[in-house]
Amino acid sequence: YPTLCTDKVVIENGGNETLAYEVIAMNGSLVAAGNAASGVNTINVSTLPGGMYVLRLGAEGKAYRIMKQ
């Protein structure tokens, strides 16, 4: 099931290394990208239109579905 959000997505990075992230729209376009340091990080998605997105984390590209309301 997708994670529901309105204006932010919180990532908790329990490792000691920085994780790269990408937010990808369902049409395949990259809409946000950055790095998540160790600890709790917030991705601002308030400017994105409502809909489904994919959040990819780390070098291995582990994917999570998010639903922006």
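**A five-stranded mixed sheet, its core and its pocket**

In this predicted model, strand β6, which covers residues 51-57, is joined to strand β7, residues 62-68, by seven bridges, and the two strands run antiparallel. One of the residue pairs along this ladder is formed by Leu57, whose bridge partner in β7 is Lys62.

The β6-β7 pair belongs to an open sheet of five strands, whose order is β1-β7-β6-β3-β4 and whose pairing is mixed. The edges of this sheet are held by β1 (3-5) and β4 (30-36), each of which pairs on one side only. Averaged over the sheet and with direction ignored, neighbouring strands are turned by 25° against each other. Strands of a sheet pair through backbone hydrogen bonds, in either a parallel or an antiparallel arrangement.

Following the order of the sheet from β6 towards β4, one comes to β3, which pairs with β6 in the antiparallel sense over five bridges; here Ala25 stands opposite Tyr53 in β6. Strand β3, made up of residues 19-25, also pairs in the antiparallel sense with β4, in this case over six bridges, and Glu22 has Ala33 in β4 as its bridge partner. The strands β3 and β4 form a hairpin with four residues between them, and within the turn Gly28 has a positive phi of about 95°.

From the backbone pairing we can turn to the packing of side chains. The largest nonpolar core contains 14 residues, and those with the most contacts inside it are Val9, Tyr21, Val23, Ile43 and Leu55. Two or more residues of this core come from each of the elements β2 (8-13), β3 and β6. For one of these core residues, Tyr21, the contacts can be followed in detail: leaving aside residues up to four places away in sequence, Tyr21 touches Ile11, Ala32, Ala33, Gly34, Asn35, Ala36, Ile43, Leu55, Arg56 and Leu57. Among these contacts, Ile43 and Leu55 are also listed with Tyr21 as residues with the most contacts inside the core.

What is the volume of the largest pocket? The computed value is about 190 Å³, and of the 13 residues that line this pocket, Ile11, Glu12, Leu55, Leu57 and Tyr64 are the closest to its centre. At least two residues of the lining are supplied by each of β2, β6 and β7, with β2 giving the most, namely four residues. Leu55 therefore links the two descriptions, since Leu55 is named both among the core residues with the most contacts, where core membership requires a residue to be buried, and among the lining residues closest to the pocket centre.

Methods. Residues are numbered from 1 along each chain as its sequence is written. This is a predicted model: local features need pLDDT of at least 70, side-chain atom pairs count only at pLDDT 80 or more; totals for chains, interfaces and linings use all residues. Side-chain values use heavy atoms; hydrogens and water are left out. Two strands pair if DSSP finds at least two bridges between them. Axes are lines fitted to C-alpha atoms, for helices over the stretch in contact, and angles run from 0 to 180 degrees between N-to-C directions. A nonpolar core is a set of buried Ala, Val, Leu, Ile, Met, Phe, Trp, Tyr and Cys residues joined through side-chain atoms within 4.5 Å. Buried means under 20% relative accessible area, exposed over 50%, partly exposed in between (1.4 Å probe, protein chains only). Contact means heavy atoms within 4.5 Å. On a 1 Å grid over the protein atoms alone, a cavity is a set of points where a 1.4 Å probe fits but cannot get out, and a pocket is an open set with protein on both sides within 12 Å along at least five of seven lines; lining residues have an atom within 4 Å of a point. Grid points are joined across faces, edges and corners, and a volume is the space filled by probe spheres set on the points.
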